[in-house]
Amino acid sequence: MAVIASRFSSDVGNGATGRQTVDGRSPVAEVLARLTRVDAGGHPVISCYLKLEPRDRTRGKYQIKLKNRVKAAIQGLPRIGLDRLDVEAVHRDLNRIQQFLRSPSNLPATQGVAVFACEAIELFETVALPVVHRSRLAIDASPLVRELASVEEEFGRLLTVVLDRTSARFFEVTAFQTRELPGLRAESTRGKRFHGDQDGSGGWGEHTYHNRIRQEKQRHYEAIARELFAIDRRRPAHGIVLAGPGPDAGAMTPFLHTYLSQRVIGTARLNPKDATPASVHATTLAVRESYERASERSLVRQMKERTGTGWALNGITETLRALSRGQVRGLLVNADATEPGFRCGASGRLGLTEEDCRGEGAPVPVLDVIDDAIEEALRQGVDVNVVYESEARDAIEGLGALLRFR
């Protein structure tokens, strides 16, 4: 079987206009369907997920991360028992991935990319992603596609409102698409300006004029709130972003129904006159990223408070054991953590040592048990949070968890 991709199977960054396949699926769903059918015939398949946020692109930091991941994978090859021909093929695939991603012109405009390669079946598939949990590289018997499969569901559907004093534009934003909805335009006092030499008979007084402006703004905000409520009732959103050229965006919040205001994830600066689907998508992603970082700090605080009560864990061994039992509702990952480990042949449970698999089948070496834990958590539908903020990250001893049950 041969799978040869075009330059990118999906690229939301160069338009984000809502491109779909003929049957209504996103392009990533189409790639996912192909990858899940891949039969490598026992040959190793490389799955590489790479973060491409602005901080990762600065001075080629993403290349350093990739180089370190490749180096660790090569050093770990003797542990996973490949024959000489497969090892040589892995080296060539790793080199091909590095060469492809080394050129900035080959990078998508999005904040992440996934690459799947297997020389034996002529597989080299690249997928642009709006977000990636963390940069990771795995060698397995098949493509690791859990993150690819979960990205749309995890991102959800967001509503972004771009407004100023006289207009409002509404956008529906998903992981791979941005679609503009019907907007609003307010009546305004155009052509009516206050002049200090005018009296009440020739025009508005200053007090009356400014009252008129405040009333118009209030009616405008109320109309936006009603429209947003109506849009959300038709199809509830996971979160709301408010954007505007100045303080207008933040001033909008008090006019929202409590049901909506509780789901505002942040505000941003964006002029409705300049907004495009691509700029709205990028702005929404940036707000969502800030919201996620704040949420992660809160989750780490919960983990620290509940450790010892039986409702949270901090540590790789304990968390892997809970993950195997289906106890984990939220997985917390130290972004810098990496540990070789094993998968138990009979039970499939992950562990740090061969002894962890006693009575559960022959231990099968894995390159990085942290990466495999992320994949397993995604398979179970667990909320995965890779923590990057230094203080919160350092509080996690490799892996941590918030539990469903004790």
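These questions and answers go through a predicted model of one protein chain.

Visitor: How many helices and strands are there in the protein chain?
Guide: Buried residues make up 50% of the 406 residues in the chain. Of the contacts with a separation of 6 or more, 72% join residues 24 or more positions apart. The secondary structure comes to twelve helices and 17 strands.

Visitor: Which helix gives the most to the largest nonpolar core?
Guide: In soluble globular proteins, nonpolar side chains tend to be buried together. The largest nonpolar core here has 36 residues, and L35, F116, V127, L129 and L148 touch the most other members. The helix that gives the most to this core, with four residues, is α1 (residues 27–36).

Visitor: Which residues does L148 touch, not counting those up to four places away in sequence?
Guide: L148 is one of the core residues that touch the most other members. With residues up to four places away left out, the list is V28, L32, L35, Y49, F116, V127 and L129.

Visitor: How many residues are in the other core, apart from the largest?
Guide: This core lies apart from the largest one, and its members include A322, A373, I374 and A401. Two of these, A373 and I374, are also among the buried residues of α11. The core has 24 residues.

Visitor: How many of the residues of α11 are buried?
Guide: Helix α11 spans residues 369–380 and reaches 16 Å from its first C-alpha to its last, close to the 16 Å expected. The buried residues run from V369 and I370 through D371, D372, A373, I374, E375, E376 and A377 to L378. The helix is mostly covered, and the count of buried residues is ten of twelve.

Visitor: Which residue caps the N-terminal end of α11?
Guide: At the other side of the helix, just after α11, G381 takes a positive phi of about 80°. At the N-terminal end, a side-chain oxygen lies 3.0 Å from the backbone nitrogen of I370. The residue that supplies this oxygen is D368.

Visitor: Against which elements do the buried residues of α4 pack?
Guide: Helix α4 (residues 84–102) has 19 residues and reaches 27 Å from its first C-alpha to its last, close to the 27 Å expected. At its start, a side-chain oxygen of D83 reaches to within 3.2 Å of the backbone nitrogen of L85. The buried residues are D86, A89, V90, D93, L94, I97, Q98, F100 and L101. They pack against β2 (45–51), α3 (61–76), β3 (112–118), β4 and β5 (136–140).

Visitor: With the side chain of which residue does the side chain of E125 make a polar contact?
Guide: E125 lies in strand β4 (residues 123–129). E125 counts as buried because its relative accessible area is 0%, against a cut-off of under 20%. Its C-alpha is separated by 5.6 Å from that of V115, ten residues apart along the chain. The polar contact of the E125 side chain, at 2.8 Å, is with R34.

Visitor: What is the angle between the planes of F229 and Y259?
Guide: There are four aromatic pairs. F229 and Y259 form one that is edge-to-face, 6.3 Å centre to centre. The pair links F229 in helix α6 (residues 206–234) with Y259 in helix α8 (residues 258–261), 30 residues apart. The angle between the planes is 70°.

Visitor: Which residue lies over the face of Y259?
Guide: Y259 is partly exposed, with a relative accessible area of 38%. A charged group lies over the ring face at 4.4 Å from the ring centre, and the residue is R263.

Visitor: At what distance from the ring centre of Y388 does R55 lie?
Guide: R55 lies over the face of Y388. The distance from the ring centre is 5.2 Å.

Visitor: Is R59 buried or exposed?
Guide: Most residues other than glycine have a negative phi. R59, in the loop between α2 (54–57) and α3, has a positive phi near 50°. Its relative accessible area is 73%, and the cut-off is over 50%, so R59 is exposed.

Visitor: What is the phi of E122?
Guide: E122 is found in the loop between β3 and β4. E122 is partly exposed, with a relative accessible area of 48%. Although E122 is not a glycine, its phi is positive, at about 55°.

How values were computed
Residues are numbered from 1 along each chain as its sequence is written. Side-chain values use heavy atoms; hydrogens and water are left out. Helices (H or I, at least four residues) and strands (E, at least two) are DSSP runs, numbered from the N terminus. The expected span of a helix is 1.5 Å times one less than its number of residues. Buried means under 20% relative accessible area, exposed over 50%, partly exposed in between (1.4 Å probe, protein chains only). A polar contact is a pair of N or O atoms within 3.5 Å; within protein, one must be able to donate a hydrogen and the other to accept it, and residues adjacent in sequence count only if both atoms are side-chain atoms. A nonpolar core is a set of buried Ala, Val, Leu, Ile, Met, Phe, Trp, Tyr and Cys residues joined through side-chain atoms within 4.5 Å. Contact means heavy atoms within 4.5 Å. Rings of Phe, Tyr and Trp (its six-membered ring) pair if their centres lie within 6.5 Å; planes under 30 degrees apart count as stacked, over 60 as edge-to-face and the rest as tilted. A charge sits over a ring if NZ of Lys or CZ of Arg is within 6 Å of the ring centre and within 35 degrees of the ring normal.
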